[in-house]
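This report is meant to be read with the sequence and the coordinates side by side. It goes from the overall fold to the packing inside it, and then to single residues in the loops.

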Amino acid sequence: PQLREVDIKKGSKKWTALYGQVMVAVRRLYHIARLVHGDLSEYNILLCPSSIIENKSIWERKENKSEEDDGSELEIVLIDLGQAVERQHPSARELLVRDLSMVRAFFVRQGIHVLSEDDALDFILKPFDEGDSADDGKEVAEGSEESDANADNCEEDSLPEEEGWRFDIPGWEDATNLEKLVEKLEA
């Protein structure tokens with residue numbers, strides 16, 4: 001279902017957890033895919049059982065669960081990326097601020113504490129802690145030697161065959177930032 005269709009008690013910690021997932025997803029979209037959604041709202045966020053998502057969330061992977069996954073854990077999925085823009089786009093920052101404002105307004109209506117607009121923007125824009133490996137703050141121009149070297153490193157044939165190779169992407173597991181965000185919201 002769409003996030004707006006979910007029946008969870010107002011003020012529930014489940015809303016706080018979902019808010020944290022949305023914020024980390026927007027952060028990943030910005031730093032890893034280098035995109036801004038451009039039309040993010042409760043209409044473009046789906047909830048799915050984590051068991052059917054190919055790339056398990058940091059929520060599920062950070063815990064070593066011994067019990068079977070019963071499909072009860074929900075995870076957000078961003079949809080409708082047709083209007084997404086690259087973060088170098090002249091309107092990218094304005095669209096990101098609007099996306100965050102829409103997300104913030106929805107979660108405020110759910111009765112939880114959320115980041116201020118400025119703190120939310122800072123959370124999305126700040127570099128990754130791991131030596132800024134996912135985003136070193138500089139753009140690589142197309143056709144440059146560094147860009148060509150990066151393209152060589154991303155050849156599909158060079159990707160490991162085992163399940164989970166996508167988690168080798170720097171910044172993909174943003175559990176530290178997510179934990180800090182949830183702690184701040186629950187304080």
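The following paragraphs describe a predicted model.

## Overall fold

The protein chain contains six helices and four strands, and along the sequence these elements follow the pattern α-β-β-α-β-β-α-α-α-α. Of its 187 residues, 39% count as buried. Among the contacts in the protein chain with a separation of 6 or more, 80% are between residues 24 or more positions apart.

## The nonpolar core

The largest nonpolar core holds 36 residues, and the members that touch the most others in it are Trp15, Tyr19, Met23 and Phe107. Two or more residues of this core come from each of α1 (13–31), β2 (45–49), β3 (74–78), α3 (92–109), α4 (117–125) and α6 (175–186). The largest share, 10 residues, is supplied by α1.

Met23 gives a view of how this core is connected, since, with residues up to four places away in sequence left out of the count, Met23 touches Leu100, Leu115, Ala120, Phe123, Ile124 and Leu181.

Three of these partners, Ala120, Phe123 and Ile124, are also found with Leu121 among the buried residues of α4. Which way do the buried residues of α4 face when they are seen down the helix axis? The buried residues of α4 fall within an arc of 160 degrees, so they line one face of the helix. In general, an α-helix has 3.6 residues a turn, so residues three or four places apart point the same way.

## Aromatic pairs and charges over rings

A search of the whole structure finds four aromatic pairs. In one of them, the ring centres of Trp15 and Phe106 are 5.6 Å apart and the ring planes are at 75 degrees, so the pair is edge-to-face. This pair links distant parts of the chain, with Trp15 in helix α1 and Phe106 in helix α3, 91 residues apart. Trp15 is buried, with a relative accessible area of 1%, and Phe106 is buried as well, with a value of 5%. Phe106 also pairs with Phe107, where the ring centres lie 5.2 Å apart and the planes stand at 85 degrees, so this pair too is edge-to-face. Phe107, like Phe106, is buried, and both belong to one aromatic cluster with Trp15 and Tyr19.

Two arginines place their charged ends over aromatic rings, as the table shows.

| Arginine | Ring | Distance from the charged end to the ring centre |
|---|---|---|
| Arg27 | Phe123 | 5.5 Å |
| Arg87 | Tyr30 | 5.0 Å |

The ring of Phe123, over which the charged end of Arg27 sits, belongs to a residue that is buried in α4 and that touches Met23.

## Loops and strand β4

Most residues other than glycine have a negative phi. Arg34, which is not a glycine, has a positive phi of about 60 degrees. Arg34 lies in the loop between α1 and β1 (35–36), and at 27% relative accessibility Arg34 counts as partly exposed. Asp80 is likewise a residue other than glycine with a positive phi, near 60 degrees; Asp80 lies in the loop between β3 and β4 (85–86) and is partly exposed, with a relative accessible area of 40%.

Arg34 is also one of the residues in contact with Val85. Leaving aside neighbours within four places in sequence, Val85 is in contact with Arg34, Leu35, Val36, Ala92 and Leu95. Val85 lies in strand β4 and is buried, with a relative accessible area of 13%. The C-alpha atoms of Val85 and Leu35 are separated by 5.5 Å, although the two residues are 50 residues apart along the chain.

Is Glu42, in the loop between β1 and β2, buried or exposed? Glu42 has a relative accessible area of 11% and is buried, because the limit for a buried residue is under 20%. The side chain of Glu42 is joined to that of Arg109 by a polar contact of 3.1 Å. Not counting residues up to four places away in sequence, Glu42 touches Gln2, Leu3, Arg4, Met102, Phe106 and Arg109. Phe106 therefore appears both among the contacts of Glu42 and in the edge-to-face pair with Trp15.

Technical notes:
Residues numbered from 1 in each chain as written. Predicted model: local features only at pLDDT ≥ 70, side-chain atom pairs only at ≥ 80, totals over all residues. Heavy atoms only, no water. Core = buried A, V, L, I, M, F, W, Y, C linked by side-chain atoms within 4.5 Å. Buried < 20%, exposed > 50% of the residue type's maximum accessible area, 1.4 Å probe, protein only. Contact = heavy atoms within 4.5 Å. Arc of directions from axis to C-beta. Polar contact = N/O pair within 3.5 Å; in protein donor to acceptor, adjacent residues only side chain to side chain. Phe/Tyr/Trp six-rings, centres within 6.5 Å; stacked < 30°, edge-to-face > 60°. Lys NZ or Arg CZ within 6 Å of the ring centre and 35° of its normal.
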